[in-house]
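Colleague: I am new to this structure and would be grateful for a close look at one part of it. Please begin with any enclosed space in the model, and then follow the account outward to the parts that adjoin that space.

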Amino acid sequence: MIIKYSPNKKNLHNKIRDGIREDGAVILKNFMSPVKMKKIFNHVKKSFLNQKDIRRSGRFIYLQKDYKRLDIGDSYINSRVNRFLLYNEWNKKNFDLFQNIKDVIELRNLICNLKKKKYQYNLNGRSSSKYKWCDLVRMIQYPIGGGFLSLHTDENYKIFPRQMINVLIPLAKRTTKKYFFPTYETGGLYYLKKDRKKIDAEKNIDVGDVLFHDLVNYHGVDSIDPYKNFELNAFSGRMTLNISVGKFYIK
């Protein structure tokens, strides 16, 4: 479902919630201002260029440092060629980033009825001495030359609470035209409906939009420009900032 954002639109969270119940996913058009998008993009680009890849990271740890991880192969829950950068709210260098995505997190929390205190969510009145539920924010890159993610649902990831909605902020656009943000020509996000019909989401997505989908919606990322040279180390390809709630273990 596509919803056009208006500053005067009341009960936006209810409209998005209803849209997710009906279709499993919602594209909210033009929610992010160009100024905020440029600030987010510049933050992500700087961290991308200043960090080295790791190949294994283990489970998320409360108060841990950020990192950049390269994933290639079928040794994960679902096969992929992508890279992700982790941004933790407690790291001071990410203060401006979280200020720029604050409205998105607050809207997601209204949709999911989540309550946050400092860094932590107290889900269903329960707490654990082993882990905390915190915002899990990652930039995920699918490189030009074949970056992809196989078909899956997010409910297979035990790091997510059941009532959570995943949120994506596009940082690139599929187009053959010139554009301020990075571009790619083929591939990208798709959803699979209950009747097995494949829905190409990218044709309706622009930078400035925000995407919402539930944990049971089947989706994947078709190969990004697979017939071009593989740009493994370039800041290019399909890139999104993914906003979730995840399980962070206490040391």
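**The cavity and its surroundings**

Modeller: The count of cavities of 30 Å³ or more comes to one. The model is a predicted one, and every value below is computed from it. As a general point, rolling a probe the size of a water molecule over the atoms shows where empty space is left. Here the largest cavity has a volume of about 70 Å³.

Which residues line the largest cavity? They are Leu168, Pro170, Ala172, Lys173, Tyr184, Glu202, Ile205, Leu211, Arg238, Met239 and Thr240. By class, this lining is made up of seven nonpolar residues, one polar residue and three charged residues. Strands β10 and β17 each supply at least two of the lining residues. The greatest contribution is that of β17, which gives three residues.

One residue of this lining, Lys173, leads directly to the charged pairs of the model. Lys173 is joined with Lys29, Asp206 and Asp209 in a network of salt bridges. In general, side chains of opposite charge can pair when their charged atoms come close. The structure holds 17 salt bridges in total.

Another lining residue, Tyr184, directs attention to β12 (183-184) and to the loop that runs from there to β13 (188-192). Within that loop, the side chain of Glu185 meets the side chain of Lys228 in a salt bridge, 3.4 Å from N to O. Glu185 belongs to the loop between β12 and β13 and Lys228 to the loop between β16 and β17, so this pair ties together parts that are 43 residues apart in sequence. Glu185 counts as partly exposed because its relative accessibility is 41%, and Lys228 is likewise classed as partly exposed, at 38%. Lys228 also forms a salt bridge with Asp225, with 3.5 Å between N and O. Asp225, however, has a relative accessible area of 3% and is therefore buried.

Thr186 is placed in the loop between β12 and β13 as well. With a relative accessible area of 37%, Thr186 is partly exposed. Beyond residues up to four places away in sequence, Thr186 touches Arg174, Ser223, Ile224, Asp225 and Pro226. Asp225 is thus a partner of Lys228 in a salt bridge and a contact of Thr186. Thr186 and Ile2 are 184 residues apart in sequence, and their C-alpha atoms are 22 Å apart in space.

The two strands named for the cavity lining, β10 and β17, also take part in the lining of the largest pocket. How much space lies in the largest pocket? The volume is about 760 Å³. Its lining comprises 35 residues, of which Arg69, Arg80, Phe84, Arg138 and Tyr157 are the closest to the centre. At least two lining residues come from each of β4 (67-73), β5 (80-87), β8 (131-142), β9 (148-152), β10 (166-170), β16 (218-222) and β17 (238-249). The pocket lining divides into 14 nonpolar, 11 polar and 10 charged residues.

One of these pocket strands, β8, is linked to a helix through a further charged pair. The side chains of Asp135 and Arg108 meet in a salt bridge, at 2.8 Å from N to O. Asp135 lies in strand β8 and Arg108 in helix α4 (residues 102-112), so the pair ties together parts that are 27 residues apart in sequence. Asp135 and Arg108 are both buried. Other buried residues of α4 include Val104, Ile105, Leu107, Asn109, Ile111 and Cys112. After α4 comes Asn113, which has a positive phi, near 60°.

Finally, helix α3 (residues 95-100) contains Asn100. Is Asn100 buried or exposed? Its relative accessibility is 11%, and since buried means under 20%, Asn100 counts as buried. The side chain of Asn100 reaches back to the backbone oxygen of Asp96, at 3.0 Å. Apart from its neighbours within four places in sequence, Asn100 is in contact with Met32, Lys36, Lys39 and Ile40.

Methods: Residues are numbered from 1 along each chain as its sequence is written. This is a predicted model: local features need pLDDT of at least 70, side-chain atom pairs count only at pLDDT 80 or more; totals for chains, interfaces and linings use all residues. Side-chain values use heavy atoms; hydrogens and water are left out. Helices (H or I, at least four residues) and strands (E, at least two) are DSSP runs, numbered from the N terminus. Buried means under 20% relative accessible area, exposed over 50%, partly exposed in between (1.4 Å probe, protein chains only). A polar contact is a pair of N or O atoms within 3.5 Å; within protein, one must be able to donate a hydrogen and the other to accept it, and residues adjacent in sequence count only if both atoms are side-chain atoms. Contact means heavy atoms within 4.5 Å. On a 1 Å grid over the protein atoms alone, a cavity is a set of points where a 1.4 Å probe fits but cannot get out, and a pocket is an open set with protein on both sides within 12 Å along at least five of seven lines; lining residues have an atom within 4 Å of a point. Grid points are joined across faces, edges and corners, and a volume is the space filled by probe spheres set on the points. Ala, Val, Leu, Ile, Met, Phe, Trp, Tyr, Cys and Pro count as nonpolar, Asp, Glu, Lys and Arg as charged, and the others, Gly among them, as polar. A salt bridge is a side-chain nitrogen of Lys or Arg within 4 Å of a carboxyl oxygen of Asp or Glu.
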